[in-house]
Structures are given as structure tokens and as C-alpha cells.
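Biologist: I should like to learn how to read this structure. Where shall we begin?

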Amino acid sequence: MSAVRPTPTQQEKVLNDEDFIVSKTDLRGIITYGNRVFIGISGYEESELLGAPHNILRHPDMPRVVFKLLWDTIQAGREINAYVKNLAKDGSFYWVFANITPAFDERGAVSGYYSVRRKPKAAAIETFTGIYRAMLEAERRAGGGQAAMKASQALLEQTLQEKGVSYDEFVLGV
Amino acid sequence: MTNLSLGSRIHLLAGVAFLLYVAFAFLGFRAAGANGWMITLMTLSVVVFILMLYTLHRIQVALARITARMEEAAGGNLAGRITGIRKGAATEAAAWALNDLLDQVEAYFRETNAAFEHAQKGLTFRKAMTSGLHGAFRQSLERVNVSVEAMADSQRLVQKERLLARVGELSAVNLVKDLKTIQDFLVAQNQDMRVVANLSRETAEEAEASTAGIQAIVADLNRVIDLIDSTHGQITQIHEKSSEIQQIIQVITEVADKTNLLALNAAIEAAHAGEAGKGFAVVAEEVRTLSENTKDAAASIAASIGSFGLATTRMMNDAGHMKEIADTSRSAITEFAGQFQRFSESARTSLAQVTRAQDKGFTSLVKVDHFVFKQNGYRTLQAGLDSAEAKAARTDHHQCRLGLWYEQGEGKKAFGQLACYDRLALPHARVHGNVHAAMGLLNERWESDPALQEDVVAAFQAAEQASDEVMDALDCMVTERHGG
Ligand SMILES: Cc1cc2nc3c(=O)[nH]c(=O)nc-3n(C[C@H](O)[C@H](O)[C@H](O)COP(=O)(O)O)c2cc1C
């Protein structure tokens, strides 16, 4: 576990069209597997990734409520799709379109989580940069805690309501 | 050797090599004795040998892990991966290649499942994401998306069908109920119409019979009036004659008066003549008496004739009155006879109209019967072959209301001689026959056998077509009997 967080830079990395990042975690989000694409773009060694919490990729530009939605959904046994800005070891960032699903054991119980992250469309990155900035701003203004979550969630719901679509439909449609 | 595993083979080869090496060293020591160089070389080669065995062992362990993952995958568990892969290890590339393969396969399955699961719920926006998948995986996912789209389409259709079927079921159930109400109404109305038609017929017949009676009365009355007329004429004549008699009596009275005067003169002359005139005086006296008597007789005749004249005058007046009355009643009776004639005619017309309405009412009832019959046939699809609907739909074309009417009831009597009557029997038999044929096709397989379903639909269509012909023939019969 890297105790020191990388300092974010404005350097962007872009995922290849024909690649995807694959990672697996246990029930707490501790990384148990990462493919070579993951290792390559994140800049961490495989040994650094294994056993580390998935939030080593967390970028400060991401609103907290997105991860709350992420965990609520996968813990309920459903898949989530989300645009995520990730932080590489060298401080650069890379956008992914993440699909995270629960993994089930032979008895049908959730045994961990599985994530495939793909290269997002440029238009989608633009849309979500704007949305996340506003949500993050709302979280900051609310000053953290439950209030921050509520404010930013309300903002997301308002956006969806204006478009007249569900979260899934919106995320998969942009 | 061929049936030894790779590991055992390597161990065997290493053992043999080690034995050969020990033999070689032993012979070397024997020939050259132990010197420093040789001992160093020997020690080094033992170390290298051990290193080689260790590397072989590592490869073997790595291969065992790769094999285990592959076996898991072959067993359907795609979750496992190889982790902690050492850089530069001989199996590094193989291990990552296996991970990549498993990543592709697992992502492929997850995407397929996600797309199908969503499509099943009618959510078409969740397509299988093909990005990052390679070659055959990507192509297959693209095909999955096409079929998911098709599935969603057919899901929509099925959903729609299901709704339509439910609504159809609802309307069908109510349709039969509604039709039954109309049927009951028509049956009652048909009975009422029959009563009305019978009444009209009786009225028309009675009116016709009465017309003849009225005409006889009118003829009699006319004859009476004619008699009164001629009586009046005769009385007038009598009246005229009586005044003629009065004049004649006047003449007679004058003649008698003159005769009396002459007789008086003759008597005077006879007196003048004396004795010679004596006989003449007697004659003159006789003549005078005669004329006196004549005058008296004429006077009494005149009196009789006078009272006779009064009677005839009165009779004449009475006869005039009678004639006036007879004239008035003649026109009243003529008018009445005309009215009665018109009444009799309208009784005829209304009989014709009532019969026509009755026929139309009956054909409507029969039409409704056939709607109900067909509907029961259709409802059998939902309600099953043991249902009340199926039972009702099993009636044949001899037992149904139309069949009974046609073959033995009023139908044959009233319509039997019409051309359109003959057009009814065949299509009617076909309506029943085809509905029965459709029901006959409903075996255990019909719900899943499209060919059978085609046949069922075709049979129902044939029944519908025959039913149209029945309706036409019924209308044709009514028109033919009553005119357009
Ligand atoms: C399978 C899986 C994949 C994840 N991928 C990411 C990721 O790519 N980026 C990220 O910031 N968080 C990811 N997360 C969420 C993190 O676990 C964590 O919730 C998030 O980074 C926010 O950090 P925090 O919970 O400490 O606030 C993932 C979680 C799971 C279970």
C-alpha cells in the first residue's frame, strides 16, 4: 500500500481502443488481480497493486457520491457503469468507462467484484467533466459529510430528471 | 518413456545426467588424481546443476498453476487468474497470455449476460459492450447485440400481443354476454312479432270479409233510395192527375148548372104550351132533377178529390224529405264504404310490413346466433375443449335455431319456394363444419405448432367466409319475399 499519494498533474494518458483494463477485488475493494493494461497505464507494479485498496486510483476531481452509488449498486448485486477519472502513480490522469459487477461463488454468494474499464468516448468525457465539476463543487460547498453527499446526489438526480432518463440509460447513452 | 509426464521425464533425465556426471568424475579422479582445478570445476558444475534443477522446478510449479487455471476454466470457472508473475520468468508470457484469454472470455460472458438480462426486462439501451474485446469475441458480441435487438423487438411484440390477447379475451367474454342479451331480446321480439302478425292477418281477413258485407248493404240502400225516388214521381203524377179531375168536375158542374137552367127554361116553355107541353114539362123536370143530382155528385166528388189532393200533397212533401235523407245517407254510406276499403287495404299493407319485420327480426336473431356460435368457437382457444363454450360450439347445422327453422319450421313453409332459400343450406353447413374442424385441430400440440396454428386460423377464416354467405342468403331471402 503506497502511503504517499501521487500529486495530480495535468498530464493525460489515453487508453487504447482495442484494450480494456481488468481488475478484481475482494469484498472490501482490495485488489486481487490486475491485467497488464492496468499495470501499464496505472504505472504501478503488479506487486504494488495486489493487496492495495482500489482507491489508490482515486482522483481528487471525482465526486464522492459517484463511489457511494458504485458501492451501493454492486453491494445490491447489480452492475454499475460509470465514467471515472483515475490517478496514475506518476500523477497523470486517465478517463475510463468502468463496468463493475459482483462476482459470485458456486453457492451464488457475492465473493468479490470485477471491473472492466474501457476507453470512453471524447464527448462522454466532456459531459462528465462538467457534471462532476458541478457535483464536486456542491460537495465542497456543503462542507463534507452527509450534507455533501446529499447535495451532490441531488444535483445528479436533477440532471437526470432534466434529461428524462434513468442513470443507467444516461450513462450508456452518452 | 512416452507415458511419463513432463516433470517425471525431466527428473529422470536429470537423474541419469547426474549418474553419468558422477561416473565421469569418478573416472577422472582415478585417471588424474584430485587436483585443485578439478575440485573447483566439479563444485561449480554441481552448483550449476542444482540451479538448473531449481529453475526446472520453478517452471514446473508455474506450469502447474497455469494448468490448474486452465482446468478451472475448462470446468466453467473463469474467475481465477495467475497473479504474482515474476518478470523475466520463462512462463511470464504464457501466464499473461492465459490471463488475457480469461479476461476476454469472462468479459465476453458478462457482456452477453448483461445484454440479455436487460433485454428480457425490455431495457434495450444496455447493449453488449464490444470495446476491448478481440476477434471472434467481438464479432460474436456484435451478433449478440443484433439478436438482443431482435429479442427486444419480439419482446415488445409479445408484450403487445399479450395485452391485445388480454383485451381481446375481455372483449370476447363481454361480446358473448352482449350478444346473448341481444339474442334474448330478439327471441322475445320475435314472439311478439308473431302475435302482432297473427292479429294483423286476422284484422285484414276480417276487414276483407266485412268489405263484402258493407258493399251488399250499400247496394240494398241504393235500391231503397231508387224506390223512394220512383214513389215520389208516382205520387207527383197522382197529384197532378187529381187537379185534372178537379177541372173535369168543374166542367161537369158547369154542364149540370147549364142543364138545370135549360131544364128550367124548358119547363117554362112547356107551361106555355099547356097540355101539349105537359109531357115535356115532366121530362124537363126529370132533366132538372138529373142535373141537380149530377151537380151534387160532382160536388161530393170534388170534396173527395179535394181531400185526396191534400193527402197527396203531404205525401209528396214526405217523399221529398225521404229523398233528401236518402241522398244524404247515400253519400255518407259511399264515403263509409270507401273508408272501409282503405282500412282493409291498410290492414293488408300493415300485415305485409309486419311479416317483413318479423322475417327481418328472425334473420337478425339467426345472425346473432351465428355470431355467438363462432365466438364460442374462438373462445375455445382460451377456455379449452371441456368448457361450456366448447360444448355450445359443438351444435351442428341441423340442431341450431337456423337449422331447425330451415329444415322443418316456418322457414321451409314461408321461404321454401324462393331461389335464395336454396343458397342457405351449404354455407350454413360450412360455418358449423369449419368451426368443428378448427376445434378438432386443438390437440396437445397446437399451442407450440405454428403449422397447426395456421390450419386453425384457416379453418376459422373459412367459417367466417361461409358465415358471410349465410348472412347474404338470409338478406336475399327477405328481399326476395318482400321486395327491396
Ligand atoms: C472492482 C472495483 C473497481 C474499482 N475501480 C475504481 C477505479 O477505477 N477508480 C477509482 O477511483 N475507484 C475505483 N473503485 C472504487 C474504490 O474502491 C473506492 O471506493 C474509490 O476509489 C473511492 O475511494 P474511497 O472509498 O476511499 O473514498 C473500484 C471498486 C471496485 C470494487
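Modeller: With strands: helices (H or I, at least four residues) and strands (E, at least two) are DSSP runs, numbered from the N terminus, and two strands pair if DSSP finds at least two bridges between them. The model is predicted: local features need pLDDT of at least 70, side-chain atom pairs count only at pLDDT 80 or more, and totals for chains, interfaces and linings use all residues. Residues are numbered from 1 along each chain as its sequence is written, chains are lettered from A and ligands numbered from 1 in the order written, and side-chain values use heavy atoms, without hydrogens and water.

Biologist: Which residue stands opposite A:Thr101 in β5(A)?

Modeller: A:Tyr114 does. Strands β4 (residues 93-104) and β5 (residues 110-118) of chain A run antiparallel, joined by 8 bridges.

Biologist: What is the strand order of the open sheet in chain A?

Modeller: Strands of a sheet pair through backbone hydrogen bonds, either parallel or antiparallel. In chain A the order is β2-β1-β5-β4-β3, with antiparallel pairing among the 5 strands. At the edges lie β2 (31-34) and β3 (80-87) of chain A, each paired on one side only.

Biologist: How many salt bridges are there between chain B and chain A?

Modeller: A salt bridge is a side-chain nitrogen of Lys or Arg within 4 Å of a carboxyl oxygen of Asp or Glu. Between chain B and chain A the count is 5. One salt bridge links B:Glu106 with A:Lys24, whose closest N and O atoms are 2.9 Å apart.
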